[in-house]
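Trainee: Please take a close look at one part of this model and describe its surroundings. I would like a connected account that starts from a single residue and works outward.

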Amino acid sequence: MAKQGLFKVVELPFCQALLFEHWDAAPGRFFAALRTRGAFTSLLGNGVLEEFRTISGPVLLVPSSAIGGVYDAGLRLADARSLDAEIDQGWTPLTIGIDVTAPARPDNWSAQFLDAIQQEKSSGAAPWQNTVRDASVADYRLQRLHCHVDGKQAATILATDAPLLPQQLQRLADLGEAPVTIAVALGNRLPRVEVSELQQIDAVSEQQLAPLLSAARRLTR
C-alpha cells in the first residue's frame, strides 16, 4: 500500500491549500521556517511563524490581488477551531500571494473555501501550474510543491517527516530560487502544554541532516 503524502492539496479556482493534518486537529504546532527572496512581499499571517518558528494550520496560496479576502477566510477557519485565536489552532493563517490574474469568484466563495478545506475535497484548479515531488532519505521522507507561472517559480513549500529544529529547517528554506520558500517539519508535533511544563523535542544529527539537505536541494531545483 502506498504511503500517505506528507501534505494534502485542496484546490479551488481562486486558492490552493496545503493541509499537513485535518483542519480541526487537536491543539498543536509544527516547526517551520520561511525564506523570501528579491522584492517578494505578498505574504500575510507570517508573524507567528517568524516569531515562534511554528505553524498550526494550512498554507494558503492565492492570487496576490485576492490575498486579503482569502486571508480573512482563513481566519474564519481558525475561528471554527477556537474563538480564542490560539496559535496552536490555526491562527494566523499563512497566506502566500502568487502574481497571476485572479479569476472571478462567486458570491458564496468564502463558504466554498471553508467547505472544501473542511471536507478536504478540491473543486477546481488554481490559476497557476504546480508540481509535487517527493524523495526518501534513510528513514525520512520529503515532499515539495512547486508553483509556476509562465515557467518561472512562484513559491515552494517543502515538508519532511524528519524531526528538524527551526535552525535546521531554515537551511532547507534557504535552498532553491523561488520568491518564497516555506519548510515544515512534521517529525515534531508540539502539543499544547501548561506553562513551565517540560516538552520533549527530537532532532536529527548533523550527519543525518546532510543527506536530507542534498535531497531537498534536488527537489527545489
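Mentor: Start with Leu145, which counts as buried because its relative accessible area is 0%, where the cut-off for buried is under 20%. The model is a predicted one, and the values below are computed from it. Leu145 sits in strand S9. Leaving aside residues up to four places away in sequence, Leu145 touches Phe7, Gln16, Leu18, Leu61, Asn130, Thr131, Val132, Ala155, Thr156 and Ile157. One of these, Val132, has Leu145 as its bridge partner in S9. From C-alpha to C-alpha, Leu145 and Leu60 are 12 Å apart in space, with their positions 85 residues apart in sequence.

The strand around Leu145 comes next. Strand S9 covers residues 140-149 and runs antiparallel to S8, to which nine bridges join it. Both strands belong to an open sheet of six strands with mixed pairing, in the order S5-S3-S11-S10-S9-S8. At its edges are strand S5 (54-55) and strand S8 (129-137), each of which pairs on one side only. Helix H4, residues 166-173, packs on this sheet and touches strand S3 (28-36), strand S10 (152-160) and strand S11 (180-191). The direction of H4 makes about 40° with that of S3.

Leu18, another residue that Leu145 touches, leads to a second sheet. Leu18 is the bridge partner of Val9 in S2. Strand S2 (residues 15-19) pairs with S1 in the antiparallel sense over five bridges. The sheet they belong to is open, has five strands in the order S1-S2-S6-S7-S4, and shows mixed pairing. Its edge strands are strand S1 (8-12) and strand S4 (43-44), and each pairs on one side only. Helix H2 (residues 67-81) packs on this sheet, where it touches S2, S4, strand S6 (59-63) and strand S7 (94-98). The direction of H2 makes about 150° with that of S6. Helix H3, residues 109-119, lies across S1, S2 and S6, and runs at about 155° to S1.

Back in the six-stranded sheet, Asn188 is a second residue to inspect, and its place is in strand S11. Asn188 is also buried, because its relative accessible area is 5%. A polar atom of the Asn188 side chain lies 2.6 Å from the backbone oxygen of Asp202. Asp202 is also among the residues that Asn188 touches, together with Arg29, Phe30, Phe31, Pro163, Leu164 and Ile201, again not counting residues up to four places away in sequence.

Note on methods:
Residues numbered from 1 in each chain as written. Predicted model: local features only at pLDDT ≥ 70, side-chain atom pairs only at ≥ 80, totals over all residues. Heavy atoms only, no water. Pairing = 2+ DSSP bridges. Helix = DSSP H or I, 4+ residues; strand = E, 2+ residues; numbered from the N terminus. Contact = heavy atoms within 4.5 Å. Axes fitted to C-alpha atoms, helices over the stretch in contact; angles between N-to-C directions. Buried < 20%, exposed > 50% of the residue type's maximum accessible area, 1.4 Å probe, protein only. Polar contact = N/O pair within 3.5 Å; in protein donor to acceptor, adjacent residues only side chain to side chain.
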